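Let's take a walk through a protein model together, one piece at a time. Keep the picture open beside you and follow along.

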Amino acid sequence: MFIIIPRIRINPRPRAAPAPVAPPPPQFALTPTSQNGETALFLDTRIGFSHALPGWPQATWVPPSPGEPPADAMVQFWDFPMWIRYRVETMTSHAPSAMHVAVDYAQRYAMHRTRDAVSAAPARDDRMHTWNVDAAAVASYALVGPDALGATHEDLAVLVKHATVLTITRRHAGAAEDWVRHAAFRAAADATMLWDPQRFRYDARIWPTSTFLEPMLLPVLLQGRQNALPGIAAAMQLAPGEGDALGRVLEAMMRNDDPPWQALAPEPRLRWAKDLANAVKTESVAALLRNGLAEVLTAHDLRGFALMTGMALSGGAA
């Protein structure tokens, strides 16, 4: 049975966030772009790179540590076990292509981190276009052992532009983490990197207006949706096997990698509608799901619809 029980209506912002260990070097900045600081834009003014990040990020200096790859700056997050490191290097020799540099660098970097062969792959064309780079390669792998902050896994992106290599590593707690929040973070952070000296100081708005979820990384239903949960749960009377099938569809919705602000286009809307119809044959529940999906406008809404439905499916717990 599909069950998601997030921490509903907790205080999502501490009274006083802990100060960073040390401020980042002056060539970096972290500029809040939401009133409460939930979203901020990380800037590397040396190369004209920016990265919009949710989850109350904090930029820090990275002290050297034995066995650790060098990094220029690090961003950590309040109440979320995620750490992002940035490193810029200049190419010192010729290579067959920018993509060759990106893939080769990523594979060698990952091997050092895992002591095993890792297959790095070229980034998706749409991602490279968004990032405004000549080439990029990505990889994900488990670390040899937990690092000093408790991270067990690392996601790697190597961006190449004009003979400069930007390495971005995202460390996290792997299977021990909140996968719902991680999926939402990944969908946002993978789509907000921009390496363009002319445009990198942009107004980062990650969370669109929604009738399902509050505008933050922690998935919290709006009060009206929470109030509706008992009624929806009472109506979710499914035949044997339908609950598990529906749960798999809802999990796929939560894990999809569309950025929160992206509108739900007709084609994916039809695909999700077919997946729901194939999972649930009980007409009263199928009609309820169709009506709910019709209210979805963005990827943020889609995750909210999945969260609300999953909570109703598990009994309407809040």
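Which residue of strand 8 does Pro122 stand opposite? Find Pro122 in the picture, and you'll see that Ala137 in strand 8 is the residue facing it. Before we go on, keep in mind that this is a predicted model.

## The seven-stranded sheet

That pair belongs to the link between strand 7 and strand 8, which run antiparallel and are joined by two bridges. Zoom out, and you get an open sheet of seven strands, in the order 4-5-6-10-9-8-7, with antiparallel pairing. Strand 4 (57–60) and strand 7 (121–122) sit at the edges with a single partner strand each, so one side of each has no neighbour in the sheet.

Now go along the sheet and look at a few more pairings. At the strand 4 edge, four bridges link strand 4 to strand 5 (residues 73–77) in the antiparallel sense. Here Pro57 is the residue opposite Phe77 of strand 5. Strand 8 and strand 9 also run antiparallel, and eight bridges join them. Look there for Tyr141, with Glu154 of strand 9 opposite. One handy idea while you trace these: side chains in a regular strand alternate between the two faces of the sheet.

## Helices on the sheet

Which strands does helix 1 touch as it packs on this sheet? Helix 1 (residues 98–114) touches strand 6 (80–90), strand 7, strand 8 (135–142), strand 9 (153–161) and strand 10 (164–172). The direction of helix 1 makes about 15° with that of strand 8.

Helix 3 (residues 179–189) packs on the sheet too, touching strand 5, strand 6, strand 9 and strand 10. Its direction makes about 25° with that of strand 6.

## The four-stranded sheet

There is also an open sheet of four strands, ordered 1-2-3-11, again with antiparallel pairing. Strand 1 (28–32) and strand 11 (193–195) are at its edges, each with a single partner strand, so one side of each is left without a neighbour in the sheet. On average, neighbouring strands in this sheet are turned by 15° against each other, direction ignored.

Start at strand 1, where five bridges join it to strand 2 (residues 39–44), running antiparallel. Phe28 is opposite Asp44 in strand 2. These two strands form a hairpin with six residues between them, and Gly37 in the turn has a positive phi of about 80°. At the other edge, strand 3 (residues 49–54) and strand 11 run antiparallel with three bridges between them, and His51 has Met193 as its bridge partner in strand 11. Helix 3 turns up here as well: it lies across strand 3 and strand 11, running at about 155° to strand 3.

## Where two helices meet

Helix 3 has a helical partner, too. The axes of helix 3 and helix 5 (residues 242–255) come within 8 Å and cross at roughly 45°, so the two helices are oblique to each other. On the helix 3 side, the contact is made by Trp179, Val180, Ala183 and Arg186, while helix 5 brings Glu251, Met254 and Arg255. By class, that contact has four nonpolar, no polar and three charged residues.

## Two nonpolar cores

Which residues touch the most other members of the largest nonpolar core? Among its 37 residues, they are Phe49, Leu53, Leu159 and Phe185. Strand 6 gives the most to this core, with five residues. Phe49 is a good one to click on: leaving aside neighbours within four places in sequence, its contacts include Phe42, Tyr86, Leu159, Ile168 and Trp195.

A second, separate core has 32 residues, among them Leu221, Leu264, Met308 and Met311.

## Two residues to compare

Is Pro230 buried or exposed? Pro230, in helix 4 (residues 223–235), has a relative accessible area of 53%, so it counts as exposed. Its C-alpha is 9.6 Å from that of Met311, although 81 residues separate the two in sequence.

Asp257 is in the loop between helix 5 and helix 6 (266–279). With a relative accessibility of 32%, Asp257 counts as partly exposed. Setting aside neighbours within four places in sequence, Asp257 is in contact with Arg124, Arg127, Ala187 and Arg303. The C-alpha atoms of Asp257 and Val138 are separated by 15 Å, with their places 119 residues apart along the chain.

Technical notes: Residues numbered from 1 in each chain as written. Predicted model: local features only at pLDDT ≥ 70, side-chain atom pairs only at ≥ 80, totals over all residues. Heavy atoms only, no water. Pairing = 2+ DSSP bridges. Contact = heavy atoms within 4.5 Å. Axes fitted to C-alpha atoms, helices over the stretch in contact; angles between N-to-C directions. Parallel < 35°, antiparallel > 145°, perpendicular 65-115°, else oblique. Nonpolar A, V, L, I, M, F, W, Y, C, P; charged D, E, K, R; others polar. Core = buried A, V, L, I, M, F, W, Y, C linked by side-chain atoms within 4.5 Å. Buried < 20%, exposed > 50% of the residue type's maximum accessible area, 1.4 Å probe, protein only.
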